[in-house]
Amino acid sequence: MAAEGGGKETNEIKTQFTTREGVYKLLTHSEYSRPNRVPFNSQGSNPVKVSFVNVNDQSGNGDRICFNVGRELYFYIYKGVRKAADLSKPIDKRIYKGTQPTCHDFNPLTATADSVSLLVGFSAGQVQLIDPIKKETSKLFNEERLIDKSRVTCVRWVPGSESLFLVAHSSGSMYLYNVENTCGTTPPNYQLLKQGENYAVHTCKSKSARNPLLRWTVGEGALNEFAFSPDGKFLACASQDGFLRVFGFDAAELHGTMKSYFGGLLCVCWSPDGQYIVAGGEDDLVTVWSFSDCRVIARGHGHKSWVSVVAFDHCTTSVEDSDLPAEFSGSDEEYHEQTNFGVGRDRANSAQSRLSKRNSTDGRPVSVTYRFGSVGQDTQMCLWDLTEDILFPHLPLSRTRTHTNVMSATSSPAAGTVTAATTTTTTAAAAGNSSGTNGSNTGSTGNNSGNTTNSLPATLPRSNSLPHSNPQGGTTPNSHPSSNSSTTTATPTPTPTPTTTTPASKGGSIIDSTFIATGVSKFATLSLHDSRKDRHEKDHKRNHSMGHINSKSSDKLNQLSSSRTAKADAAKTLGTTLCPRMEEVPLLEPLVCKKIAHERLTVLIFLEDCLVTACQEGFVCTWARPGKVGLLSSQSHTATPPRGTVV
């Protein structure tokens with residue numbers, strides 16, 4: 001990527017970047033870190049993570065921030081773009097001995113100005129419930145490490161619940177806890193509740209209520225991250241075995257799966273309307289997966305190393321009426337003036353309610369653009385636009401924008417050959433994703449706003465108008481033959497893979513069934529030996545990822561056999577709907593790709609008036625959205641010299 005300004009070194013840390021909305025600026029006075037601001041020695045430590053909660057404070061300053069740095073955990077009032085951070089007065093600071101915090105999550109339902117419920121997961125497997133406002137520690141779960149001895153990788157409150165939370169470990173297991181229950185003094189005994197393809201759910205056998213309520217075993221290797229859908233009904237899991245698995249949470253039904261192009265998946269997130277899932281990982285790609293179609297619809301290439309965080313920007317996801325000008329020519333300033341005062345730009349609250357208009361026959365066509373971002377271990381932040389010609393490639397486009405050369409690919413599943421031909425097509429936003437390569441991103445296309453590019457780069461991405469392969473002459477992509485893929489259809493509720501279900505879990509929520517103690521003895525002989533027979537082998541050939549630094553090594557024979565197994569599995573899935581070949585799906589390029597830190601990036605959070613990033617040195621940075629820093633952003637959209645650098 002060219003440096004902003006053209007003549008500067010590409011290695012320089014960026015303090016601002018430009019998109020179609022305007023200029024995002026780093027607020028150096030809003031940087032949060034340890035009080036002494038000394039860079040943290042990050043080698044071998046757990047990733048820095050950040051959590052936010054709003055306590056509905058009457059003063060209008062209700063945001064609170066929590067972040068971990070090494071053995072330390074900090075809790076501050078977050079002033080964002082309004083005021084400078086006062087690092088000398090943390091509300092709470094904790095230093096742990098013998099273990100390190102790895103992740104944390106606030107419960108938004110119970111948060112008040114006087115009390116918050118914060119879950120903290122640790123490297124030794126424990127989970128702590130604390131109240132940093134009252135400076136209390138109410139409970140410690142898995143204290144004796146009888147439930148799981150491995151590192152906690154992700155902890156989340158169950159949406160809509162004040163007492164249930166879910167914890168993932170590097171062992172590949174997830175556990176459902178209730179804050180009201182104890183963990184017991186003996187290791188839990190489990191009975192099989194439900195079993196499917198590479199996953200199983202067990203309930204805890206106990207005469208009295210105890211934790212965990214449920215144990216999920218998902219895939220092979222570490223379960224690196226999970227995310228609940230916006231409605232709380234589905235759960236997306238990103239695993240070290242490279243699979244994304246999406247479950248119906250209450251019924252523990254597998255909805256669909258996806259395989260990374262290479263290596264493990266490290267992060268996952270949902271679009272604001274729950275229609276799309278983005279995952280990132282060790283293949284250096286971001287992969288967009290359709291929830292309704294259960295297939296990969298696009299990949300994004302911009303990072304030079306592992307992708308550590310992906311997140312949707314709910315404030316920039318937009319819905320536009322299609323009666324905008326078909327073509328626009330002029331200066332960047334004139335274009336921004338038109339788009340800033342034009343019609344059709346809506347925030348997410350109205351955008352979500354208008355998504356249904358896309359398929360209505362009586363209303364005008366509506367186009368949608370999703371914005372999401374990613375940060376990686378290459379210290380770069382990328383922003384991406386997911387436009388309508390990617391989402392609905394077979395629908396007639398509502399308007400013409402520009403002529404673009406794109407790659408057209410057809411594949412024959414029988415022969416396994418791929419033929420590429422260059423065609424000239426008319427597409428809306430076909431050149432949108434190459435805008436990040438020009439140094440200045442002002443007036444970038446790909447936003448369905450009706451503007452046109454005045455000059456096209458020499459090399460164009462395999463991008464938005466690439467037709468999807470249609471295997472077996474007319475069948476849907478979902479019917480691609482694959483021995484490893486689950487059976488899916490184009491309906492919103494695809495047929496799940498066959499599962500083994502106990503009578504207690506039929507026709508209802510498995511959470512409810514965990515409280516049923518009757519009939520336990522009848523299932524005592526059920527075991528999981530067949531489906532877990534390979535657990536003793538190494539998890540993945542790329543087991544040197546951050547999640548496996550502290551893992552126990554197995555002998556060379558096991559490493560050799562597991563490497564061969566991984567290669568065989570990858571060969572089986574490549575070219576199927578689980579893992580399409582690179583030429584079979586559109587390849588996005590980022591709108592913005594900027595180096596913004598010295599150490600690997602571990603946090604990306606989109607807030608209403610800013611976005612927040614953090615790196616492994618322990619610096620939490622606030623980037624003001626356009627128009628949120630007073631007069632600075634209301635000036636010309638031309639790039640101004642950076643006002644400072646991250647130290």
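**View 1. Stretches of low confidence in the predicted model, beginning with residues 397-507.** Over residues 397-507 the pLDDT stays under 50, although the model has 287 contacts beyond four places in sequence for this stretch. Residues 516-562 likewise keep a pLDDT under 50, and for them the model has 65 contacts beyond four places in sequence. For the chain, this predicted model averages a pLDDT of 74, with 60% of the residues scoring at least 70.

**View 2. The largest nonpolar core, with its 23 residues.** The residues that touch the most other members of this core are Leu166, Met174, Leu176, Trp216, Phe226, Leu235 and Phe249. Two or more residues of the core come from each of several strands, among them S12 (164-169), S13 (173-178), S17 (223-228) and S18 (234-239). In soluble globular proteins, nonpolar side chains tend to be buried together.

**View 3. The surroundings of Phe226.** Leaving aside residues up to four places away in sequence, Phe226 touches Cys154, Val155 and Arg156, then Leu166, Val167, Ala168 and Met174, and also Leu235, Ala236, Cys237 and Val268.

**View 4. An open sheet of four strands.** The strands follow the order S17-S18-S19-S20 and pair in the antiparallel sense. S17 and S20 (253-259) are the edge strands, each of which pairs on one side only, and the twist from one strand to the next averages 20°.

**View 5. The pairing of S19 and S20.** Strand S19, which covers residues 243-248, is joined to S20 by six bridges in the antiparallel sense, and Leu244 stands opposite Met258 in S20.

Terms used: Residues numbered from 1 in each chain as written. Predicted model: local features only at pLDDT ≥ 70, side-chain atom pairs only at ≥ 80, totals over all residues. Heavy atoms only, no water. Core = buried A, V, L, I, M, F, W, Y, C linked by side-chain atoms within 4.5 Å. Buried < 20%, exposed > 50% of the residue type's maximum accessible area, 1.4 Å probe, protein only. Contact = heavy atoms within 4.5 Å. Pairing = 2+ DSSP bridges. Axes fitted to C-alpha atoms, helices over the stretch in contact; angles between N-to-C directions. pLDDT = per-residue confidence, 0-100.
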